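User: I'm new to reading protein structures and would like a close look at one helix. Could you walk me through it and then show me how it sits in the rest of the chain?

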Amino acid sequence: MSTGTAVQSSPALSAFVGRAAGHGSVLAERGIPTRRVEAWRYTPLRAFTETVWNEAPALSDHDVQSLLDALALPEAESRAVFANGLEAVSQTRLSENLVRSQGEAVDPLEDRFSAILNAALRQDGLSIRVPAGVAAGTLVLVSLTSGNAISTHLRHQIVLEDGASLTVFDVNAGDGQYVTNPRFDIVVGKNAQLNHVKLQREGADAGHLALVYASVDANGNYDSFTLNQGSELARHEVVATLTQAHAQVHVNGIQIVDGTRLNDLTSMIHHAAPDCGSRQTVKTVLSESGQGVFQGKILVDRVAQKTDGYQMNQALLLSEKAQINSKPELEIYADDVKCSHGATVGALDDEQLFYLRSRGVPEAEARAILVQAFLLDALDLVTDETLRDVLIRSITA
């Protein structure tokens, strides 16, 4: 991500490097990306750079419980809660099917700012392993943040051994002016299945810079869905590698953006083996002066013959001031592949709106009905009915 120009100092960069206690050399060298960095061209971090982001203080048990109560989380076999970057042990319970581990070496991803920032200020998150052949049910993983001018940098690792399965409901919420910078390192073994459903409902003045690195073995499946619905500026980035034949990766999502908010979903799916498939369907609804970004890349190595890769980004603009930037990419070195991408942008159908209004449906309700219909196809991609219902309630609320 080097631009060939001198790194611009800023209050945020100085604070981060100072807090890194000797681990921030790469961060100091690379700096915080500007619009000149292609990967961040549509997601400017100017406002982010002007704040001195401090270490987050511990939250009281009462404050943690209040934030949890507001979320109305579903019941699950396991739950892990982190508050201001620290594990809330009293709120965490893991089934015997989830084994805590020390973590394994992963790709450092030093060309990606979110990874560099997390490496410099890393806080230990949840590191777990699902033993071979075990169906571990659902884990609700909650990250809560509350305060002003603070940042957290959790590093989670989830390893599924061969034939294992797990569903993770990844919830991010809070209040105040803060930045969260979580990273997930995910390893999906042979014939293993990981469903990763994320609800991003950070505070209205928050920033959220998340990164997922997933490695998927033969016949394994990493199936993810993200609902970006909060924060002033949010970026959810997925880097996935299909390492062996017949691996599958799905990176789907919905972004709902209003006010002056900006939500960004960025992905890079690397097909490094033959007979693998990937699917990306992202729908964005924008109102007022909201901005949406989709950057999706499919990279197909020469060895990855019979790749099946698909991308689709659709945006619905509810205001003349709303804006969407869509950048789907294909980089293909194999010659026997089936890859496609597409993007559509439009407004509500006037005829459909008129039809509902003529049947006595108030305009606001009619618009809501059409928006929900637009999102329905994407929501159907969430295979867990309980979690799909949670996302639907979050959207309609």
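Which strands are included in what covers the buried residues of H4?

Analyst: Happy to, and keep in mind as you look around that this is a predicted model. The cover over the buried residues of H4 includes strand E2 (78-83), strand E6 (135-152) and strand E8 (165-180).

Now for the helix itself. H4 runs over residues 61-69, and its buried residues are Val64, Leu67 and Leu68. These residues sit on the same side of H4, because the arc they cover around the axis is only 100 degrees. Turn to the face pointing away from that buried side, and you'll find the exposed residues His62 and Asp69. So H4 has one side with its buried residues, which cover an arc of only 100 degrees, while His62 and Asp69 are exposed on the face turned away.

Let's zoom out. H4 belongs to a chain with eight helices and 20 strands. The chain is as compact as a globular protein of its length, because its radius of gyration is 21 Å, close to the 21 Å that the globule rule gives for 397 residues. Along its principal axes, the C-alpha trace spans about 65 × 50 × 50 Å. Burial isn't just an H4 story, either: 55% of the 397 residues count as buried. As for contacts between residues at least 6 apart in sequence, 84% of them join residues at least 24 apart.

Helix H5 (residues 113-120) gives you another buried spot to visit, at Ser114. The relative accessible area of Ser114 is 1%, so this residue counts as buried. Leaving aside residues up to four places away in sequence, Ser114 touches Trp40, Asn181, Leu209, Leu211 and Glu237.

Helix H6 (residues 350-358) is worth a look for its ends. Asp349 caps the N-terminal end, with a side-chain oxygen 2.8 Å from the backbone nitrogen of Glu351. After H6 comes Gly360, which has a positive phi, near 90 degrees.

Last stop: the cysteines. Cys276 is buried, with a relative accessible area of 2%. Its closest cysteine sulfur is in Cys339, but that is 11 Å away, so the two are too far apart for a bond. A disulfide needs the two sulfur atoms within 2.5 Å, and the count of disulfides here comes to zero.

Technical notes. Residues are numbered from 1 along each chain as its sequence is written. This is a predicted model: local features need pLDDT of at least 70, side-chain atom pairs count only at pLDDT 80 or more; totals for chains, interfaces and linings use all residues. Side-chain values use heavy atoms; hydrogens and water are left out. Buried means under 20% relative accessible area, exposed over 50%, partly exposed in between (1.4 Å probe, protein chains only). Helices (H or I, at least four residues) and strands (E, at least two) are DSSP runs, numbered from the N terminus. Contact means heavy atoms within 4.5 Å. A polar contact is a pair of N or O atoms within 3.5 Å; within protein, one must be able to donate a hydrogen and the other to accept it, and residues adjacent in sequence count only if both atoms are side-chain atoms. The radius of gyration is taken over C-alpha atoms; the globule rule is 2.2 Å times the number of residues to the power 0.38. The arc is that of the directions from the helix axis to the C-beta atoms.
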